[in-house]
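Me: I am new to this one and would like a friendly tour. Could you show it to me first?

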Amino acid sequence: MPLHPLLAQLLMPDKRAVIFALKGVISMALALFVSMYLQLSHPYWAVVSAVFLQLRPESGLVIEKALCQIFGSAIGGGFGILILAFLMPYPILALGCLTLWIGLNSAAASMVHNTNFIYAFAMAGMTAGLVVVLVMADASTTSGESVLAIAQARISEITVGALCAMLVSQLLWPVKVKDGLREHARSVINKTLEYLSLELDIDSSHDQRHQHADQILEILVALNDDSSAVVYEGPEGPGRGRAANLLCNRVMSLLAVTQIMGRFQRNHADLVSPAFSELLRWMRTYFQQIAEADSYEESYQLAHALRRRLLEHRAGYENESAIVTRLTQTALELVADLVMVLRAYNALENRDQTLLNAPKLKTHRDPLIGAINGFRTALVFVIGATVWIQTAGSAALMLMIMPVVFSVMFARFSLGVLTLLLRRLLMGAVVAIPAALFFGLALLSQSSGDFEMMVLVLAGPYFVGLLALANRVTLPYGLGFCIPFTIITQPSNNMTFSADSAVSTALGLFVGISVLYWVFKLITPPDSQLMQRRLLKATARDLVDIDNHEQPENWFNGRMGERLLRLANYDQGTGRSDRYMTDLGFTGLNLGHVSIRLRRLIHAHRSQAVDVLLEQWQHALAETYLMSARGDFNRRFREVSANLLAAIHIASEPNEQTATIEGMFERLALTFERTARTVAAAEGKVTFKPVDQGTAPA
């Protein structure tokens, strides 16, 4: 019978986990020593600060989180002072203003994906809460100088913890972000090549393709998030960050283009000519060879060999249809993107100054999610504040502070994952309470009170908690243990060793996390189907706006990265096997690339009439996309496409490019018809309905 993951992690830790725990103990001991040496009033907050920085041990990420922590604390402390300066005589208004501030920070945190940036918003809310609540807890003896002193102390304690953790991360067994980037890059390239082969394999299953696509999106988002931290790792860091961004961007292009090839041969086999079928077989063979290559140089040469072979093959075409001509050009564009992906990977190892910079994948910002998360966090704080006002007990102080931090940090997770996280956090807190009472009251109270003895007593439980923190699966247990253990024991220069105070603090933490759990259970995220529809509408808006950007392909790829991952996650949560919403997301990605390539093809054929019709066509493209997502087909799309093609013919003589454009329009019409049929079948409609564009719902 296999051991529980937590027991396995504690009883049989690997070398990496032991080093991680040892570094964590050293950084927390150093933070405690410095804050005690500086005679800060609550040194244990420095230890709490150091604990949070252990969540990702890579040097660049620790530096980034330390800067986010310091900046967020400074902003939060400043806002806390501002509240007290104007509303000190009106405690209810002060708490109301603080509630609004915490809610706004939680809502803003929902608009970013990077964990360190989310943490900055959490610290801004927590520090403001600490300053205001600690001052109001003893308002009778408070003056302007004491307010500044409390704010300065809180910011100083958090800064000391951040700097100590950053120093230990740099000097002792450093782990670099660049190593993780290379690992992510290798993984995503291999997965992408496997996905390309599956898409071109007529016998591959829908589940196989989606499984690979989901994994690619997850790795891309992780790679994109970490690329912001690698810039802190020496002079080559910024170059590696740019290479990671370019790799993410070009993989998105590969996903978009590959969808065209795979869907065409699966859904329109009657249009696949023998010559084009042979081309697809070559591409599959080369993709497999590139994946099996032993070096970058070999992979790079194989990619160029494939491109040359495709060019030679296209030159031998005779009487091929417009759609086959267009898809052959699409295959060449796919190989060009693959070459750029390989070069970007090489730039993670070696400098490549010729690479163009590409923007990061953007976080999808949905105001509805932000409003719900902000309200939920504000409600958690209001409940704690109400208990504090009614009881005036010190236990309620912790009920108001730490649950707010956890609420901001965990808000981006789905309800199922969030429930599991909070349960494990509660279990860690349950274990931390007796451990803190034993080590804090029974042992430390019998010691000499020296710093050395304090570290010897506390190092053991911290080491165990950090071992749990070192593993992603057991991380919530470790976090739930280390934070409450620190706040209950409150190591400092003048420890009180009061059983009543320790139990009261422990009770406040436990109740606060329990309240957080039930608030998240009662105020759930929006319905997944609603959120998927909002994601598709956002994609349609971007399709209309795509011509208003200097680098539309990079811009669109950046907008679609996390959006596709969210669609996939929502689809997985519904348990449906058809995954048609994820397919719609990839269709939207593909449509953006098609419209960008159309503009390149007609660059030499532009006229005033063409431009007017092109704008009409772009709006029709977005509207038809949304209609097909409802199971309807816009029958006027072919008419709008025909009008644009006629204007292009008038502007110039028909040639290979105009034939390619004709094939592109035909392929799009087939895609929309197929999509409408798929959605209609999935949603229980008898058949899709052709709808006039002019009467289509908005």
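**Cysteines, cores and a helix pair**

Reply: Happy to! Cys-248 has 0% relative accessibility, so this residue counts as buried (buried is under 20% relative accessible area, exposed over 50%, partly exposed in between, with a 1.4 Å probe and protein chains only). This is a predicted model, where local features need pLDDT of at least 70, side-chain atom pairs count only at pLDDT 80 or more, and totals for chains, interfaces and linings use all residues. Residues are numbered from 1 along each chain as its sequence is written, and side-chain values use heavy atoms, leaving out hydrogens and water.

Me: How many disulfides does the count come to?
Reply: A disulfide is a pair of cysteine sulfur atoms within 2.5 Å. By this rule the count is 0 disulfides. Cys-248 is in none, and the nearest cysteine sulfur to it, at 19 Å, is that of Cys-68. Cys-482 is in none either, with the nearest cysteine sulfur, that of Cys-164, 17 Å away, so the count stays at 0.

Me: Is Cys-482 buried or exposed?
Reply: The relative accessible area of Cys-482 is 0%. With that value, Cys-482 is buried.

Me: How are H22 and H23 oriented to each other?
Reply: Helices here are DSSP runs (H or I, at least four residues; strands are E, at least two), numbered from the N terminus. The axes of H22 (residues 580-601) and H23 (residues 608-629) come within 11 Å and cross at roughly 170°; axes are lines fitted to C-alpha atoms, for helices over the stretch in contact, and angles run from 0 to 180 degrees between N-to-C directions. Angles under 35 degrees count as roughly parallel, over 145 as roughly antiparallel, 65 to 115 as roughly perpendicular and the rest as oblique. That makes the pair roughly antiparallel.

Me: Which helix gives the largest share of the largest nonpolar core?
Reply: A nonpolar core is a set of buried Ala, Val, Leu, Ile, Met, Phe, Trp, Tyr and Cys residues joined through side-chain atoms within 4.5 Å. The largest one has 114 residues, and Leu-247, Met-283 and Trp-617 touch the most other members. Its largest share, 15 residues, comes from helix H13.

Me: Which residues does Gln-259 touch, not counting those up to four places away in sequence?
Reply: Gln-259 sits in helix H10 (residues 237-267) and is buried, with a relative accessible area of 4%. Contact means heavy atoms within 4.5 Å. Leaving out residues up to four places away in sequence, Gln-259 touches Tyr-195, Glu-199 and Phe-586.
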